[in-house]
Each structure stands twice: as C-alpha cells, then as structure tokens.
There are 6 protein chains.
Amino acid sequence: MRTFMNHQSEKINHILEALPYLINYSGKTIVIKYGGAAMVEEELKASFAEDIVLLKYLGINPVVVHGGGPEINSLIKSLNLNTQFIRGHRVTDEATMEVVEMVLTGKVNKQIVSLIQEKGGKPVGLSGKDGGLAIAEKYLMEVEAEDGKSQKIDLGLVGEITSVDPNIILTLQREGFIPIISPVAMSKEGQTLNINADTMAGAIAQALHADKLILLTDTPGILIDGQLVTGLKKVDIHGYIKTGQISGGMIPKVECCLGAIDSGVKRAHIIDGRVPHSVLIEILTNQGIGSLIEQG
Amino acid sequence: MRTFMNHQSEKINHILEALPYLINYSGKTIVIKYGGAAMVEEELKASFAEDIVLLKYLGINPVVVHGGGPEINSLIKSLNLNTQFIRGHRVTDEATMEVVEMVLTGKVNKQIVSLIQEKGGKPVGLSGKDGGLAIAEKYLMEVEAEDGKSQKIDLGLVGEITSVDPNIILTLQREGFIPIISPVAMSKEGQTLNINADTMAGAIAQALHADKLILLTDTPGILIDGQLVTGLKKVDIHGYIKTGQISGGMIPKVECCLGAIDSGVKRAHIIDGRVPHSVLIEILTNQGIGSLIEQG
Amino acid sequence: MRTFMNHQSEKINHILEALPYLINYSGKTIVIKYGGAAMVEEELKASFAEDIVLLKYLGINPVVVHGGGPEINSLIKSLNLNTQFIRGHRVTDEATMEVVEMVLTGKVNKQIVSLIQEKGGKPVGLSGKDGGLAIAEKYLMEVEAEDGKSQKIDLGLVGEITSVDPNIILTLQREGFIPIISPVAMSKEGQTLNINADTMAGAIAQALHADKLILLTDTPGILIDGQLVTGLKKVDIHGYIKTGQISGGMIPKVECCLGAIDSGVKRAHIIDGRVPHSVLIEILTNQGIGSLIEQG
Amino acid sequence: MRTFMNHQSEKINHILEALPYLINYSGKTIVIKYGGAAMVEEELKASFAEDIVLLKYLGINPVVVHGGGPEINSLIKSLNLNTQFIRGHRVTDEATMEVVEMVLTGKVNKQIVSLIQEKGGKPVGLSGKDGGLAIAEKYLMEVEAEDGKSQKIDLGLVGEITSVDPNIILTLQREGFIPIISPVAMSKEGQTLNINADTMAGAIAQALHADKLILLTDTPGILIDGQLVTGLKKVDIHGYIKTGQISGGMIPKVECCLGAIDSGVKRAHIIDGRVPHSVLIEILTNQGIGSLIEQG
Amino acid sequence: MRTFMNHQSEKINHILEALPYLINYSGKTIVIKYGGAAMVEEELKASFAEDIVLLKYLGINPVVVHGGGPEINSLIKSLNLNTQFIRGHRVTDEATMEVVEMVLTGKVNKQIVSLIQEKGGKPVGLSGKDGGLAIAEKYLMEVEAEDGKSQKIDLGLVGEITSVDPNIILTLQREGFIPIISPVAMSKEGQTLNINADTMAGAIAQALHADKLILLTDTPGILIDGQLVTGLKKVDIHGYIKTGQISGGMIPKVECCLGAIDSGVKRAHIIDGRVPHSVLIEILTNQGIGSLIEQG
Amino acid sequence: MRTFMNHQSEKINHILEALPYLINYSGKTIVIKYGGAAMVEEELKASFAEDIVLLKYLGINPVVVHGGGPEINSLIKSLNLNTQFIRGHRVTDEATMEVVEMVLTGKVNKQIVSLIQEKGGKPVGLSGKDGGLAIAEKYLMEVEAEDGKSQKIDLGLVGEITSVDPNIILTLQREGFIPIISPVAMSKEGQTLNINADTMAGAIAQALHADKLILLTDTPGILIDGQLVTGLKKVDIHGYIKTGQISGGMIPKVECCLGAIDSGVKRAHIIDGRVPHSVLIEILTNQGIGSLIEQG
C-alpha cells in the first residue's frame, strides 16, 4: 500500500504544482488559436478538447479560434472550382468563399463543438458574423511591383478585422459556455470575408483584454538557428526579423503576437500543437512549453 | 397639409392597431419555422428579416428555426454523391450528413444571420449541437411491410429530438440576441443527426414554453376542400385526417402543431410564407393570416 | 384575398417604416409637455393616451408633464376668489395656489392617469413634491419700471425650478410605470409654488438627459412669416427673436427648448397638439411634424 | 456633570427600551390609517410626520392611507353643490366626486407629503388609481326596507376595493420612498369611486401581508362600558357587537381589523390619534397604546 | 526533449484524471474534520493547507472543522488546573473551558488560518459562537449505574449541537472566503460549551446539505479484522458494531457519518490523515482513500 | 392616564431627538475602539453591547476593535513566563505572543461576541489574520540613545499595520453581521504580531472611509489644565502637545485620531467609556460626550 500511496501522492503533487498558476489565472481569459496537426490527429484532437474543458473547470475562461485545415482544399477540389491565382496567391472568389465558410463554420467548427461537449464542456460555435462579433474590410496585399513601386493586389474576399464587439463572448462566458470561433467576418457592406485565424485570435484577445494569447503551431516554437528560444522581448524579435533569423510563415505569427501585446494582452505564446496537452503544459507547469513573447 | 396629415394619421392608426397585440405579447417568446419560398425569394427574405428585427424591438422574443432549402440537393449533386434510396426515401449516409450540416449550419444559417444583422438585429446562429441545445436519437421510419406487418426502416443519420436544454437560448435572449437555429443535433453517442425543421421548431417551442409556434409554408394555411380554414381545434384536425381532407405533407405539420399545443405552447399557426411580412401580419393585425390551431 | 393581403402588407409597411426610429430610440427617455387642445378634446385625449402607451410598449420611456387647462379658472370663478392683478398679471395668493394645486394634482393629473391606464399603460401621477422630485424658489418677474429702470414684481406663489432629483422617475421607469407629472413644486421653506409647465418639462428633460423634449402646442410649430419652419438652429432662433419674427407666447417656449438643448437634451420639438397622434407622428415617421430645434 | 450624564443616560435608556421592538419589526411593513384630529391640529400633524420618518430610518416600512377630513365638506359648501340625501346618507354624484378627489388627492395628500418631506423623509403621494394600485366596484348599501326585507341603496360613486396590486408600493419601498395613499380608486369601467379610508387601509395591509394595521381614531381605543380594553380576540369582538357594547362608528373599524387579521395581517390596532406620537408609542414602547386585536 | 515532454504529459495526465471529479464536485460543499497527526506534523500541516486552497481554486467549497490536539492538555498542565474526574472522564469546569476555548479559537484556529493564507487562500476563522453559527445544550453522558439502571453523568461544560444557522458560512463562501471552524458553541443561556469536533463537523455538513463529509483520522479508515474496508453501507455498519468488529473510538465516528447521511449528506468518508494530501487523493483520484460510507 | 401618556411622550421625544442623527448616519460606518473599564465592569459591558446592537438596528454600521484588558498579564503571570524588559518596555517574545493572541482572540473577543449576541445582534469575531484583513510589519521603537543620537529598539513581536483589505468587513456588514476585531495581525513573512488597539482601529477606520472613529477611554476626554475640551482642531492639538498640555498616554490617542482624519475619516472622538451608553450618547444626542477632533 505504501507504493500505491506514493503513486497517489505523486499524482497529487503534479496537481499541486499547478496551484500557483490556478491562483494566478483564476477568472482570467485565454484566447487559443487552434489549428495544424492538433486539429487533424485523433489523439491530439482529444487531448486538446480535454485541455479546454479542464481549463473551464479550473475557473479559467478559454476562447478558441480555429483555422480551416486541409478540408477546405479538399472540398474545393471535389467541386472542381476554377481558381484564379495572382503571383502565386489564390484569389477567393464568391464560390470559393462559400466553400470556405461552409467548411469552417458548418464542419470544422461543429467537429470541435462536438468533441468538447463529449468531454464535458458546454461549447457554443460562433463565426465572426454572430452577435456582431467582428467587422472586417477587404484586405489588399501590398507587394513590390516590377518597377519597384508598391502595388496593392486584390485577392478577392479576404479581409482584416476592423472592430470586435466582445459582448457575445462575455455573455456566453458568464453562463459557463465556451466560445469556439471560426475566422469568417462580415464587412459593413454585408460581404462575407475570409480572415486569417491567427490575426482573428489576436484581435479577439485584444478586445477581451485577454491574459494570454496562445498560437498552436506545427513547430516547437520560435526557432533561431535551429534552437528553440523560450522567451523573447519585442526588441529581440525586431532584430531577428531584420537578420532573417525569423522568416517566412513565422513572421505573421510573431507580428500577431506583438500586436496583441501592444494592445494590452499580457503574454503571447507560440507553442507546439503536436505535443499532447500542450495548452495545459503551457498554462499549468513550471517549465511551460514553446516560446513566450513579452513586452519589453 | 391636411392630406399629408391624414396620410400620417393613417400610418399611425395602422401602428396603433398593433397596440393590443404588443401589450399581449410583450416579453413573450415566439418560435418561427422558416423555410420554403420565404427563404428563397429576395423580397421575401428581406421582409422576413425585417419582421424578426421589428419583433425584437417591440419587446417580443423571436426564435428562428430554419430548414435547408434547395441548396442541400444542389451541393449533393455537385459532389456526385451516390445516394441510396429505400422505398423512395433518400438514406442519409455520413458523406451526405456532412454536406447537410455544412449547408445548413455553414451556409443557410449564416445567410439568415447576415440578413438580420443588416436590418439592425443582433442574431446568433446556433445548431442543436451548440451549448448542448438539443439531444437526438436515430429515427426509424415505421412502414407497412409487404406481409402487412409493421416494419422499421433505417434511413441513416436521421434523428428525432429527445431532449432540449433551453439555457443557451435564454442566455442569448436576456442580452438582446436573436437565436437562429439550424436543425442538426447530436446523439448521446456523438453522432450528427439531421432533424426535420418543423419538429425541431416544435420541440424548442415546447422547451421554451413559447407563446406561439409559427410554421411558414408555401400554402395559404390548412386548406379543406380547397378553402382556407382560419381556426381549428384538435378534434377538428383528427376528423379531417381521418376523412383524408388533411393529407400528405400537411399531416406532419399539423401533428407538430398538436404536439406543441399539448405540451403547453398556447397557439400554433400554419401561415403563408409567400406573403411578404406574413409573420408580422399574423402577430400584429386583427385579421391575422393562415390557420390557427388551438387547444379544445 | 390579394386585395386584403395588399391592405395588410400596407399596414405592416407602415409599421416597418417605424423600425429605424425604434432602433434609434430603444431605451431612451422622451419628455412630453402635454396641454392645450390635446388635453381638452375627447378624441385628442384618447389619441394622446394611446401614443404614450404605445411608446412604452415599443421600449421607449415617455415622461409626461401636463399643464392646467381651463379648469383652474373655472374653479376659481366658482369659488368667487378675489384675485389681485399687477400690470395685468394675476397674483397667485394662498387661496388661489390651493385651487391651482387641487385642480392640477387632484383632477387633471388623475384624468390623464385614468385614461392611460384604460389604454393599457401603468401610469403613476406625481407632482414636483413627490419623492423630492423638484425644488423651486419664488420667481420675481423683471419688468421695466416707469423710470426706465429694471424692477422686480412679486406675483405671489409662482416659482422656478432650482433643482430636480430624477430618482423617483428612474425608479418608476425601471418597473415599467409611466410618470405623469403636475407642475407644482415646493420651496426649501416648504411653500407650495406654481411652475410653468413648459419650463418644468424642460428642467426634467435636462435632469434625465432625455433624448427628446416635445412641447405640444395649439400651433403647427414655429411659424415665421406665417410659414412653418421644420428645422431651426440656435443661431436662427436668436435672429428671429431679434427681428420679432418669433414673439409673444412662443418666446418662452423656444427659450425652454434652447435651455434643454444647452444642458444635454439632444432634440427639442414644438409640435401641433391638435393633430391626432402628433407625438407618434413626430417620433415614428420619416417626415415628423412641427419644428425641430437642434444645437448648432 | 453627573446630573447631565444621568439625564443623557435616561434618554438613552428610553431609546434602548425600543430595541426589542426594532429587532422585531426590522424590515416589516406597517399600514397606518391617518385621519381625525391627528390630521387637523398642527402639533399632532407634526408629531405624526416625525413618527413616520423615524420609523423609516429605524428600518420599518410605514404605508400611510389618509382620510379626507373636514376639507371636503368645506369645499362642497363653498361651491354650493346640491347634494341629494337618501335615508340620511349623502349621495356622491359626479360633481361631488370631483370635489372629493381634488381635495383628497390634490390637497390633503400633498399636505402630508410636504410635511413628511420637511421632516426628512421621501414621501410619494398616490391615489388608488396610480400604478393600478386598487380596483374598486360600486358599493350598494344594504338596509332593511320598510317591509322588513333587505334592500340595496345606490349612494352614487361610492366603491369598495375588489383587488389591490401592491407592485407600485413595493417598488417605492425598495428605493426608500414612503407611500402616502388617498382613498380613491377606479372601477374596471373607468369610473372614479370614493373609498372608505379605513377599509382602503385594511385592503392594502392585506395585499402587502403587513405586520400591523393601525387605525388612528379620535377615541382612546375600543371602549367597553366606558373602559378602554387593551387586548381583544375575534370572539370577544363578536360578543361585544351582539351585546351592543361595540356599536355605531366603531363597528366598521373593528370589522376592518378582523378582515385584515383573517387575511394574514398579524396585528390590528385602534389607537388614539389625539395623543402626540401615538404611532411611535404603539410600536416602540412596552405598554403600547389603545386596543390590540389579534387572531384567536 | 522527448523525455521532458513525456514527463510533462504524465503530469498533465495526472491532472486530467481529476477532470470527472471536478465536473462532479464543481460548486459543491465538502466539510472536513481536521485533527490528529495531520494537525501536528509540519509536512502534513502544509499538505493539508495546500489541499484546501487547491479545492477552492478548483471551484469546490471546503469547510474545515478542527479539533484541539495536544495543546489543550499542555496548557492545562502549565496552569496546574485541578481537574475533577468522574468515572475516568475529565469534568470541564469553567476554568478548564476557558483554557479549551482560548487554545481552540485563539491558537489552533489561527495557526490553520495563517497556514492557509500563506498557501494563497482567504481563510476566515470562526467558532460556533460567531454569526450565531451553532447553538448547543449541555450533554449528559448516559452510563450504566452500579444497580444496572441507566444514569446520567454531568461532565460539566460539554455540549451537543441543537441547531446550526449556516448563513455566516454561506456569506463567506459566496465571497471566496474559506471558513475554518473551532468546535465551541454557546447555549441559549449564554454558557460556553465544548463540542466534539467530529459531531460539530457532522452537524455543519447536515445544515449545509454538503456533498461530502470527510473525517481525517490517524488510522487508514475502518478496519475490520485488521483489513481496510473501502466501502460500507448502513446495514454493514450496524452489523459490525453488534459483532464488536467496529468498537471503541471508531464508534462515535461512524455514528457521526451515519447521522450525516441520514440527513442528506451524500457521502461520508473516514480517511487517513497521516498520508500527505489524503483529502485531495480522496476527492480527485479514481481509487480514493480510506472508507466510504453510503446510504443503503 | 394623562401622566402615563406624558411619560410615554417624553420617552418618544427622547427617541425623536435622535432623528436628525439617524438621518445623518444612516448607512454610515462607525469604528469603535473598545477597552478600559468599559470592558471590565459588568454594567458597562452590558450597556456597550446594547449600544452596538441598537446602532445596527438603526441602520448604522458599527465595527468594534477591542484591546486586551488585564487578562493578558494575568495569564502571563499564571504561566510564570520570563519576560525580558528593555528600558522599561516588555519584550514580546514568541511564548508571550502566543498568550497575547490566545487571550485576545480566544477569550476577550469571544466574550464580546457572546454578549452582543445575547443582546440580539449577529457579531462575528475576527482577528487581523482572518480574510487577509490586516498586514503588519515589525515595529522598532525609536528612542534617544545615551549619546543623544536616535536609536531603534526591537521590542519583539510588536507590529504596525501596513495595509488593510476591508473586503471581509464589507462582506459581513452587507449581510447584517457586526465585525468584532482583535488587534493581532500577520506579517508578510507569516509572523504573528501584536498591534496597538487604538492604531488598529484607526487603520481600519481609514480603510473603510468610516464616518466616525470613537476611542473609548477611562478619562472624560481630552483634558487641558484639568478641563474637558469638547472640540479641537488639528492646530489646537499640535499646540497643546508642544506646550505639554497634552502628554503621556493621551499623545498616541490624539495622533491616531489625527491620522484617521488626515486619511478621510470625518470625525474622531475620545470619549469616556466609564459612562454607561457613552457610545449612544455621543452619536444620538445633541450634546454628545467627550472630545471631538475635526479637520481644520
């Protein structure tokens, strides 16, 4: 029995290690961008759903913003939609946008809702359109033209958030519901626009004055010369971008984090969604996981 | 100026005609099944959205449950899904259910949300999965077998509601939001099931102890021998079904109304969705519209 | 049936014309000075009461301040009260003040309360004395003496409001009651004072930060050279007073409106109480009625 | 200084004698019928107003229902109204009712409101018409006809309360206001009816489930054979009425008390309004004052 | 890094094992009798305080009732109090009671308060006297006299609880405070009485309709023939008492548990306070610890 | 009967004399330092308890901070504790502190709680440790060394308050409980420290923005040349201290009062606790008692 007890005590010690974090995050809001492998592999999907439900029972308010995953392309393919490309970027025409919205809001979102409900939570799926949550406007990509001048390219129904009304999220949180948000928003003119999920998560974190913004990625975090950097300040990041040590797809992610931090979010994290329970590991353990970006 | 004033006064008299109905329905909940032509023609869509927004500003709580319209079949066709048919009924397999859910929740629902928001309301789209709103179980259609015995046919992922938790609707209503609900629900085992929109509306009306259930149809109401009957009691309906004067697609609609009335909903209406503003006409004018079914 | 439906739809369109105004005024407070013909003719009395009840059910908060009408003089006459006159102004002595208060608070106020209750509202009659609503002090009329100097004339128990405590009005509004207020107030020393109903309405509108102040009159509005002017700014009014185009009894009315607007009331209206439903016409129709005075 | 201190301590002991009563009545409602000498003599008026204000500050909720006093007759006389009499009872025709309402609601009520406000309370004057407080119907007096049969006499606009909606009183109490109520009510048909102030107080005490009903009279209480009886039970009273030891104007008063007690009011008192501070003496001292009627 | 991650995931899995218990106990109240070794050894004291703080952050409401430990005897000895003994039981005279109360309420209670505050909780120390929490009466021990008859022995100021008013506990819980209660109560006559801590905990659990009552002891639980029995029903216990397999000091403990269960407490536990974190192990792990007594 | 009535009226007049004070102090908080003779003599103890209960029922919020009285020394003596003295000051070592805390929190505090409960109040005993009420740090006494320089003397576990969190007091007040506070607090490091009761009362009065701070003493108030001074301003006090007219034990009391006044407490009083009901006399009578210190 001693051994059994020792094992029990070890369990409890692991729970108790979380106590200072519970005290610290009690009643706080954490916005999580959910996507990549964590949204594809069955085990990771289950562990993510458990994390979200546990956070809610621990008195923390998680808000999930999800991406689209590979399902959008798959449906576009099945429908043989003709897609125009400009400089390598797919143009989102109306037919494509319809597919994007159906998959994001009608399929991916509901799969997440189902899974979290099975684990014991009370999720409510929303898109940016619901309850007037997010207003967007068309985004024109700025590129360098052949003559060296700046040029704006119209990629179709792609938008960026111009304002967020957090009332619907707060209403749901107060009653114990967990908001699961798909990155689609409406323009003032009533157009449906596709939004980058990272920046949607960032904008919502700002509007909620969230305590944390967590971006789940398919990398261990921010890698500099192949090494994970666990803590970075604003100045570090600007330096690494200049030297090209942060580049490619990581740039919009760190910029989204910096934007959130500049607007009052306390901490932003880029973590490895491929590790089971990475969200809980980040929030409840001493070592955390991935890269933390802080003001400074 | 007199004429102008007369015209103004006439307007105001029309508004005042609504006063007793406002007094009567103030703070009450009205569940509306939205579908058919009213969900297809642009003018009718706009007039329906205006009706819903106006009701909310008049202090009445509308809850909209929508059907799927022709869009589901259109996407199924585009995707060349093989559909099995049993005795003339399409079997909803998983691939089909996925399409049904995407179209209902990701397309039709969001179109209604967009339109109502444009008219000045604060709609929030839900499916039966959100906030644990509705739990369903597989529905087996009972038919007469060739040997004359009763036989149950499995039509696949088709369900009927077994319980409704109205908390998410009440939470949204309290804060001024308008719930727009797509007829999809989850079974206890986590299966996604397609629900008949009329019966979904009926089940939600029961759970909310709604004051009214309104089914929008593409007929003027209940026609007996080609004549609209404006008021019917339970006994009348049983009689008309026996004599075959109520038949075909109208039978499930009147049964849904009777079920609601037996469970505490005060009045059920089958009205003509092809008439612009038919919802407001029903609620706010002396004559009303369509057929009223009452206890008795 | 088509014709019937067209007629129904026309009704509903008239109601829908009001929708933007409902959205705009939802939850707002509108103070209405009620008097003149609208308080004498049976049809106008009934239409006014309907307007007030409808506004309340539309989610707008009306506050009614009424004048005295011809009933005060009639009772003074019946009682053969000797009245002193100074420079043509009747002096309000104690016996007269008693009659004024009895008629205003015990007769006119209660008639309005009765009528609004019959129409389905929940009115509560108040005078400025109730709940410490209004504190006044004696008003001395400044006139030019024979020697050209300014001279103050004591007209007896006539007062002007020095402070308003809106708590009793807010308490009643929160519970769905409609305050009906008679223009009598108490001085700090406990004297009962007669207050001009227009300025009482203005002072209450200020204290409530009302959205609108509406003065019902027996003219179509502000007439300049015999023509109704539908919109005026502050500067316009000062000009018209200088040129004498606004004169006589209209001067205190426009000054009361200007005072309200200077203190935060958004819009002030002088409208024709002789037109049935003039209050609703002003609030709920595109064209409005009478003259609007705005900041500028 | 000792003597001064002894005097101070005596004061404090008198205050402390009230402590058990404060504990007992904290948060309770006490309905007081105010009338007679207490409403006429200046000193008694002032002492009554002080009592009401003190009760409110002591955490007790007083509700005052007042009678009319001699002022009604005086105004009727001044106006030379012709009054019809039937079997010695004045018939209240419309002209008389108008005077009654003006005096009660526009004069007497406002005098009480003024006085209580001067003493530091926040009174709000109401009649039974305000906020739908009381609904009445015409009262037909049953008398014995000459042939010995029972006969009903129509005394005009005299009514008896058929229902009380206490919501307006509770709304005012919650915000610290003191309701002062004049005994006028409306019938369902909109007629204004004069109500006996004792029975109005009794009906309101019932609707509020008041802890105490206190009737102020111009006698020391219930006198039996010239002796004050300080405590009576229901059976005692029925006996005294049979023997004629309770008779005349005291009968309706004791019946009003019995009615209140039968409907849940805990205690009813008939006390001497001619004694300064009789209300406080009743509530806060060991000996009390007047006659107490209890269930039994 | 894999190994590190495996370790982190194991931690998280231990936390997640608690999820079903969190869902189950969220918002529930658990009363814990604290005493014995757990209140003496430094490590156990610290682990107990951590358990209590963690429970509160997990959304569970712990209520702690403590015993006195060895400190009472130690102070009695230092003060050389003469103690009378009757049949081997110490009689609690006034001088002794004073010491008991001082030690329990002024020393032991405050030590627990200090420790829990250091760990991050918001404890508030109470005795049964505070906020009128517990009323007790003198307890007379029933023994068999030499002549075989039943005899009552007066052990002095020893009491048993006759009523509990849980309002002070509920008030503190609502605001996030943790009540720590010492087993002293007052009789109606104002006498201070010493209460057995187990029965005090049981009485409070009953009054709060607690979900669980946990008695910390210095044994592994209920031992029958030297073996721990992890689950017992009422009938089992009555049997074991008859056979003498439950005896001595364990009898009052199981009787206290049975009393609580009969009065609506769902589960009662007798667990080993010598195991660090035994409270958390009981509440949050699959295996639990000690003996569970249930209705049946 | 007249005489009886006159006596009753006199009583009531004494109560009414308190009315302006009730109006003024309604809902306000008054912090009272309780100690000296008032905590020793039976009659004074009873009268103090009555005062506190009455204040609460009068709608005023009393907070009691008590001292230790002679009981601490008596227990120290009984335990033969060796006490070190430095320059005539007793050093509070750990053993002494334990006794101090036990007596203050476990004996004196509970006696006050018992007495106030007997009188009908709902007292809750707290020490500065409960609910994180007060944080203190060690206090080093500054004295002049032999060489004329300033020197700090460590008197052991004596502290001064560095912060007060009034939330636990406000929580109790809202529910009608009366906080009784013993002057013990914890340092950030978890040390138990003894606090001067006067300064503890002052610090709590500041944190609560109390309306009044009352120090009960065993003198008539502030005596200057043997004469009671009933009202003093800040400048007066500084003068009297310079001239030595205020000296000795009165200096810390007036400094505590000045500190409170500088931090927003409206009035501070030093009154004679030897006079029965001195607290009520101060608060509810025209003449008051003792010395009042005001800003100025």
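Biologist: Helices are DSSP runs of H or I with at least four residues, strands are runs of E with at least two, and both are numbered from the N terminus. What follows α6(E), and what is the sign of its phi?

Modeller: E:Gly176 follows α6(E), and its phi is positive, near 90 degrees. Please note that this is a predicted model, in which local features need pLDDT of at least 70 and side-chain atom pairs 80 or more, while totals for chains, interfaces and linings use all residues. Residues are numbered from 1 along each chain as its sequence is written, and chains are lettered from A and ligands numbered from 1 in the order written.

Biologist: Which residues of α6(E) are buried?

Modeller: Helix α6 of chain E spans residues 167-174, and its buried residues are E:Ile168, E:Ile169, E:Thr171 and E:Leu172. Buried means 20 or more other C-beta atoms, placed from the backbone, within 10 Å of the residue's own (exposed: 12 or fewer; partly exposed: in between).

Biologist: Where do they sit around the helix axis?

Modeller: They lie on the same side of α6(E), because they cover an arc of only 160 degrees around the axis.

Biologist: And what do they pack against?

Modeller: In chain E, the buried residues of α6(E) pack against β2 (61-66), β5 (123-127) and β8 (178-182). From chain F, β5 (123-127) and α6 (167-174) also take part in this packing.

Biologist: Let us turn to β11(E). How many of its residues are buried?

Modeller: Six of the six residues of strand β11 of chain E, residues 212-217, are buried. E:Lys212, E:Ile214 and E:Leu216 point one way from β11(E), whereas E:Leu213, E:Leu215 and E:Thr217 point the other way.

Biologist: Which strand is joined to β11(E) by four bridges?

Modeller: That is strand β1 of chain E, residues 29-34, which runs parallel to β11(E). Within this pair, E:Lys33 stands opposite E:Leu215. Strand β15 of chain E, residues 267-272, also pairs with β11(E), in the parallel sense and over six bridges. There, E:Leu213 has E:Ala268 as its bridge partner. Strands pair if DSSP finds at least two bridges between them.

Biologist: A new topic: how many residues of chain E are in contact with chain A?

Modeller: There are 29 residues of chain E in contact with 29 residues of chain A, counting C-beta atoms, placed from the backbone, within 7 Å.

Biologist: Which helices of chain E each supply at least two residues of that side?

Modeller: They are α1 (2-17), α2 (19-25), α3 (42-57) and α10 (278-284) of chain E. The largest share of the side of chain E that touches chain A comes from α1(E), with nine residues.

How values were computed: Two residues are in contact if their C-beta atoms, placed from the backbone, lie within 7 Å. The arc is that of the directions from the helix axis to the C-beta atoms.
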